[in-house]
Each structure stands twice: as structure tokens, then as C-alpha cells.
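This report covers salt bridges, strand pairing, one helix, nonpolar cores and a surface patch. The sequence and structure come first.

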Amino acid sequence: MATSKSVQFAFDENTNAPQLTNSQGALVTLLDAVLVNGYGSQPVATLVANSEGILTASFNLAHNFKSGQILQIQGTSDSAFNGRFRVDTTQNNSLTFVEKLSGAKTASGTITAKVAPLGYEIALTDGAFKRAYKSLNPENVMYYIFDDNLWAGWAAGYAKICNVGIALEMTDINTISGLQCPYNAANPNQNWQLAGSGSSAIPGWAKVVYGCWTQGSSAYLTSGASGNHTWSIIGNDEGFYLCAASTPGNPNPNKNAICQYFGKYESFTDNSFNYLLCANLKRNTAGDYQEVDSAFLSTGKTLASFRADCKLFASNNGSSLSIGITPLFPYAGQYPANRSDNNAHIFDDTTGVSLLKIPFARQDDGRVEGDLPFVYATLQSRRNAMNEMGKYTQQVFRHPNGNYFVEINSLPTSNSYISSFFFELKD
């Protein structure tokens, strides 16, 4: 049975999935569903294990779950059927699971299936759109803070801003009493308050941008746009990637994701504060042209310029709270010169591709600190052509090693950088 540590995948095209609209509070409403409650509950018509223990669920309507997703089954009279199971094969109205039961049996009861939550709780809230999420895994000790309220002075018609941070200790939703990131000792509240007003306003510091009129290197925040955004969330109770388009709508390149990460990583230096906050750190005014993209795909961003998208939470003694990191990408060369090469790195059950981990180095001393968790890059990036953007967004493939991977097409900072990630959906 899949556990809370199993890496899972949620996305906007599931039946009854929450949608990321341009309404203030939409992001935390989405996170409530994916992290805490699960979503998209559907009645299961039959749930049967055959003589080999292969478990099949059938539905009266098209279910729209994807291979690799983890579903939570509830309502059966036999406890062996209740729990979390990873989807293996899918048909229009049925699916099988990776996990097997012991022998043939048929479930009874009022059975439902939904996309399982990642394993978090709402530890603190302001009753509106500010949350401090906490993992149910006791080894993940951080509070993950998302302030999705409309701040006084930020126009309702501007792009939507959700300010984010991580903290070790909180006494209430508005009081951080211990280590936090990001943090500026000269201006301790910088991340949680508006500076300036109108088009000169600067909305805090670390943030997720949505409801924006465009995304890329020439965005500004004074113009919003309505509609639903493409989103994917991949993770478990140790951390999660939020991959969401900052602009709504289906036309390319709006299906490209802005990838951000919140959670633990595997440290190569035995760092006990092995947490990352990867978000948009631009300190631009609302009316300035600015980058709204996955800038942590670039090796050229530095924390000192407040333009890096990745931050290391702290050193071992907790004294260095905002250390920039530089990804060390393994791919050989730039994107293919010929569009016919665009499919070269895609794999299925019969073809393979070299997927490599993405280590990162600390910007303060150059040490290789760790790996970005359960995400891979290919040896060659795919061509970042305008009419190719979004082509592989949210596609699930099965690697020859048996594990499912989901490819998320990411919006890079330029054509020379990796344009998609492969996330391993593993147990």
C-alpha cells in the first residue's frame, strides 16, 4: 500500500479538481485540497481483486485519474481495500492498481476514490487566506506559510500575490518566534508587508505569482488576467513542488509551469537544517518589467541581487538563514537545433532516456550541498520554441525501471536552459 512518503502527483485536469483562478485566496484553497484533504471524490461501482491479487476499480462514468497517481479508497467493509493505492493501468471507466491483495476478493460498501492528500495539516490560520501548513511526518518540523490575502494598498486588479516562507517556530499565524526564511535582519517584516503604493508597490519578498497578464522575462504585476491556470503538485510529506502557470488560459506558452519547491532535501554535508524555499524572490515594484519564470533553472542568479529563486534555509548552527544555491545541471549542450529532435528524450515502456539528478552548490562557499529531491533532468534540453511550449505538460511515462515519471514543462529563463523536469513517482 502506498504510504505518506510515496511521491504522488496532483493536477488540474482531474475530475472535480480544484482550480487555480485569479481570485484572491485561490492558491491556499488549492493547497488545502491537495496537501490536507484530498480532492475529486468519485463513487466506485465495483472493486475486485482477482486470483493473483490484482486490484481493479470500475466506475459508472469516465474517472479521469492518471497512471502514477495515488488514490485514497474509503467505505469498504473489508479493511484490506481501504487505504492509499497507486494507479497502474487505466481505461476510460476502470483502472488497476500497482499494489496487490492476497488472493481473490470483492469489496462491498459505499466505496469512494479520491486523489489522496500529501499528508499535511493546517496548523494555524487567520480564518481568511493565510495558512501555516505542517507535515504529519514528525521528521519534517517546519511550518510552511502561505499568505494569500489581498494586502491593503495592493490593487484587486493587479496580479495575485501569495507570499510564502518557512519557519521553525510560530506562536500564532502572524507571529514567528524562531528561525525563518527568507529573513532580512535590517527589515524583519520585509517578507510580510507591502512597501510603497500603486505601481511603485513592492509586495513583500518571497512569493508565488498568479493571475498575471504574462509570464517570462518581461512581466509586470499591475495587469491581471482572468481564467484558470494549469497546475501540478508533486510531492509527499517531506516536501512538494508547486508547478503552476502564472498566467491563465490554455494557449501556449501559458501551460508552461513556474516550478517552486518547499521542503526537505538530502544533504551531502549532514546539514540538520536541510530545507529549501524555492520561490519568486524579485524585489521589483509592481509596474516594473520583471522575471516571472523558473529562474532556479538558471545558474546565473545570485541571492545578493535578490534575483535567485532558490534559498537554502540554514547552516548547521542555524546562523545563516538565506543562502543562495546554484543548480549544477548535468545536460550536455543546449537545446536541439532541429525540431525533429524534440521527442528524443521522451520514454515509454520500451524506450529509455538518461535521467540525471540535479545537485546544487551553496553560493556562499561553493560547496555541493545536496540534490533537488525526486526530480531529474535529461542529458539534453528540449528546444524552447514558442509553438512547442506546453507540449509535454503533465505527461506521465513509465520508465524501464518500473517507476512512473511525470514530465512538467517549465518556463526557463532563456532558450539555453532546461525546459522540462521529470519527477519520479516512487514509493
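A salt bridge here is a side-chain nitrogen of Lys or Arg within 4 Å of a carboxyl oxygen of Asp or Glu. This is a predicted model, in which local features need pLDDT of at least 70, side-chain atom pairs count only at pLDDT 80 or more, and totals for chains, interfaces and linings use all residues. Residues are numbered from 1 along each chain as its sequence is written, and side-chain values use heavy atoms, with hydrogens and water left out.

**Salt bridges**

The structure holds nine salt bridges. Three of them are listed here with their closest N to O distances.

| Basic residue | Acidic residue | N to O distance |
|---|---|---|
| Lysine 105 | Aspartate 78 | 3.7 Å |
| Arginine 86 | Aspartate 427 | 3.0 Å |
| Arginine 367 | Aspartate 365 | 2.8 Å |

Aspartate 78 forms its salt bridge with lysine 105. This pair links distant parts of the chain, 27 residues apart: aspartate 78 is in the loop between strand E5 (70–76) and E6, and lysine 105 is in strand E8 (residues 105–106). Helices (H or I, at least four residues) and strands (E, at least two) are DSSP runs, numbered from the N terminus. Burial is graded by relative accessible area: buried means under 20%, exposed over 50%, and partly exposed in between (1.4 Å probe, protein chains only). Aspartate 78 counts as partly exposed at 28%, and lysine 105 is partly exposed at 26%.

Arginine 86 and aspartate 427 also meet in a salt bridge. The two are 341 residues apart, with arginine 86 in strand E6 and aspartate 427 in the segment after strand E33 (420–425). Arginine 86 has a relative accessibility of 3% and therefore counts as buried, whereas aspartate 427 is exposed, at 60%.

Arginine 367 pairs with aspartate 365. Salt bridges that share partners join Arg362, Asp364, Asp365, Arg367 and Glu369 into one network. Arginine 367 is partly exposed at 39%, and aspartate 365 counts as partly exposed at 42%.

**Strand pairing around E7**

Two strands pair if DSSP finds at least two bridges between them. Strand E7 (residues 94–100) pairs with strand E4 (residues 54–58) in the antiparallel sense over four bridges; within this pairing, isoleucine 54 stands opposite lysine 100. E7 also pairs with strand E6 (residues 83–90), again antiparallel, over two bridges. Valine 87 has phenylalanine 97 as its bridge partner in E7. E6 and E7 form a hairpin with three residues between them.

**Helix H1 and the cores**

Helix H1 (residues 26–37) has twelve residues, and its end C-alpha atoms are 15 Å apart, in agreement with the 16 Å expected at 1.5 Å a residue (1.5 Å times one less than the number of residues). Nine of the twelve are buried, so H1 is largely enclosed by the rest of the structure. Among the buried residues are Ala26, Leu31, Asp32 and Leu35. Just after H1, glycine 38 takes a positive phi of about 80°.

A nonpolar core is a set of buried Ala, Val, Leu, Ile, Met, Phe, Trp, Tyr and Cys residues joined through side-chain atoms within 4.5 Å. The largest has 56 residues, of which Leu47, Phe97, Phe146 and Trp231 touch the most other members. H1 supplies the largest share of this core, eight residues. Another core, of 25 residues, lies apart from it and includes Cys243, Ala257, Leu276 and Ile358.
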